[in-house]
2 protein chains.
Amino acid sequence: MANRSDTKTRILDAAEKLFAERGFSETSLRLITSKAEVNLASVNYHFGSKKELIRAVLARYLDVFMPAAADAIVAVRQENANASLDAIFSTLVAPLLDLNQLRAEGTTTFLQLLGRGYIESQGHLRWFITTHYGEYLSLFVNAVAESAPHIPPAEMFWRLHFTLGTVVFTMASADALTEIAEADFGEHNDIEAVIRKVIPYLSAGVSVPLTKDVI
Amino acid sequence: MANRSDTKTRILDAAEKLFAERGFSETSLRLITSKAEVNLASVNYHFGSKKELIRAVLARYLDVFMPAAADAIVAVRQENANASLDAIFSTLVAPLLDLNQLRAEGTTTFLQLLGRGYIESQGHLRWFITTHYGEYLSLFVNAVAESAPHIPPAEMFWRLHFTLGTVVFTMASADALTEIAEADFGEHNDIEAVIRKVIPYLSAGVSVPLTKDVI
DNA sequence: GTCTATACGTCGATAGAC
DNA sequence: GTCTATCGACGTATAGAC
């Protein structure tokens, strides 16, 4: 068959699109393989299981995004050792938008996959990301912590997870929210606009001074 | 059989516990009915489907929490018409903790169910909550909006959804986060401590002044 | 090595007897 | 209301063809 890429890539391409559109649990292997025009069993041959296919789909993006994001953060901190929290978060915008060159709708797809992945999977994806990309995450966490030195480590732990929740939930439902915002407020937002909206929210929350325990 | 409540309640009690512990998709109807010691088909007889069972489990809490939360917000705004955002959010703490009187571990269970529910279900629970409890939600949204009058409605829409993401994600993974915080920082947090940690984060994010579009 | 046909166990759901 | 039996769809595993 002409113009037929190899089975593994065909599965990844079909799975990526369907996962981003419909979520993981709502996308069956039978749907993926029929859309990719490959046999059902080939998923297990090439990837072992559905969970590993999900990880492989995400890895195609993370392998590009994580090093690029790390480079950008290192660069901004070399220019300005006292970079603000907003500056640290904003540093991620360019690497995110660059994913559109990797694949059509790359940024949106990646953020939806990441959001859905963190949300739908209990642990296996969290584990995958922290073990495979832990060095990049640490670099980011350290940059944030040093930009808000008045927040003790234990408190910063919580605030970074609050931040993760905001990002993950927002990106998983970005399509729906954008549609509602358009209908209710006549406001058109692309994925970059949503990213730029969330950054000040996150910066403010992460860096807000601790309230006194005793009043 | 002595001390055997009716089938419907037995199903709800078993389902609530299992859903909160393991999540919805990881909890099969067969597990619920065997633990509740009722027949598998009785779930569909009494509730129609698994989705409707999920809604019924949440409704038992929402029917108590929503009116109590609304009363608390009305009360605090009568005392102080210019109540701060922190005050509005803090108003919800007492109604949440009161759920411990409704059922053992009620607060934790409710927040886990709410978090998991919003996260695992795409739309059907969002729809259920907004249609059945919309009046209470509006009251809360209005109170927040009036406590941050410098934020335009369209921007407030986004920030409230960022907030929803933080809450939902944090509460769905509160158990795991509490364990990590204990292991890494020797910090013991109950559900109230987590709630009180998240409020300043949310207030700061919701009320942060808009950044200039043009620099 | 790659791919395919086929089957296994579990799932939510349902029809029909009692 | 409650039960048994069964359905189609699911993820997964494997024997065997190319």
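Around DNA strand C, 15 residues line up, and A:Thr7, A:His46, B:Leu29, B:Arg30 and B:Lys50 come nearest. Keep in mind that this is a predicted model. Strand D also has 15 residues around it, with A:Arg30, A:Lys50, B:Thr7, B:Asn39 and B:His46 coming nearest. A rotation of 180 degrees puts chain A onto chain B, and chain A itself is built from twelve helices and zero strands.

**DNA strand C**

- Looking at the atoms of strand C within 4 Å of the protein, 56% are sugar or phosphate atoms and the rest sit in bases.
- A:Thr7 reaches a phosphate oxygen of strand C with a polar side-chain atom, at 2.5 Å.
- A:Tyr45 also points a polar side-chain atom at a phosphate oxygen of strand C, here at a distance of 3.4 Å.
- With B:Leu29 the backbone does the job: one of its N or O atoms lies 2.9 Å from a phosphate oxygen of strand C.
- Which elements give two or more residues to the surface near strand C? They are H3 of chain A plus H2 and H3 of chain B.
- H3(A) supplies the largest share of that surface, with four residues.
- Sorted by class, the surface near strand C holds five nonpolar, eight polar and two charged residues.

**DNA strand D**

- For strand D, sugar or phosphate accounts for 53% of the atoms within 4 Å of the protein, and bases account for the rest.
- A:Lys50 uses its backbone here: an N or O atom lies 2.8 Å from a phosphate oxygen of strand D.
- B:His46 places a polar side-chain atom 2.9 Å from a phosphate oxygen of strand D.
- A:Ser28 has a polar side-chain atom 3.5 Å from a phosphate oxygen of strand D.
- Helices H2 (29-36) and H3 (41-47) of chain A, along with H3 (41-47) of chain B, are the elements giving two or more residues to the surface near strand D.
- H3(B) gives the most to this surface, namely three residues.
- The class split near strand D reads five nonpolar, eight polar and two charged residues.

**How the two chains relate**

- Chain A superposes on chain B through a rotation of 180 degrees, with 0.0 Å of shift along the axis and an RMSD of 0.1 Å.
- That is how a two-fold axis relates two copies.
- Both copies use the same surface, as 100% of the contact residues of chain A recur in chain B.

**Overall build of chain A**

- Read along the sequence, the pattern for chain A is α-α-α-α-α-α-α-α-α-α-α-α.
- The C-alpha trace of chain A spans about 70 × 40 × 35 Å along its principal axes.
- Chain A has 215 residues, and 51% of them count as buried.
- Among the contacts in chain A with a separation of 6 or more, 72% come from residues 24 or more positions apart.

**The nonpolar core**

- How many residues does the largest nonpolar core have? The count is 138, and the residues with the most contacts inside it are A:Leu53, A:Phe110, B:Leu53 and B:Phe110.
- Setting aside neighbours within four places in sequence, A:Phe110 is in contact with A:Leu58, A:Tyr61, A:Leu62, A:Phe65, A:Leu96 and A:Leu99.

**Two residues of chain B**

- B:Thr107 belongs to helix H7 of chain B, which covers residues 106-120.
- Why does B:Thr107 count as buried? Its relative accessibility is 0%, and buried means under 20%, so B:Thr107 qualifies.
- Beyond its neighbours within four places in sequence, B:Thr107 is in contact with B:Leu96, B:Leu97, B:Leu99, B:Asn100, B:Ile191 and B:Ile195.
- Where is B:Ser28 found? It is in the loop of chain B between helix H1 (7-22) and helix H2 (29-36).
- B:Ser28 counts as partly exposed because its relative accessibility is 35%, between the 20% and 50% cut-offs.
- B:Ser28 and B:Tyr136 are 108 residues apart in sequence, and their C-alpha atoms are 32 Å apart in space.

Definitions and conventions: Residues numbered from 1 in each chain as written. Chains lettered and ligands numbered in written order. Predicted model: local features only at pLDDT ≥ 70, side-chain atom pairs only at ≥ 80, totals over all residues. Heavy atoms only, no water. Near = heavy atom within 4 Å. Polar contact = N/O pair within 3.5 Å; in protein donor to acceptor, adjacent residues only side chain to side chain. Nonpolar A, V, L, I, M, F, W, Y, C, P; charged D, E, K, R; others polar. Buried < 20%, exposed > 50% of the residue type's maximum accessible area, 1.4 Å probe, protein only. Least-squares fit on C-alpha atoms with pLDDT ≥ 70 in both. Contact = heavy atoms within 4.5 Å. Core = buried A, V, L, I, M, F, W, Y, C linked by side-chain atoms within 4.5 Å.
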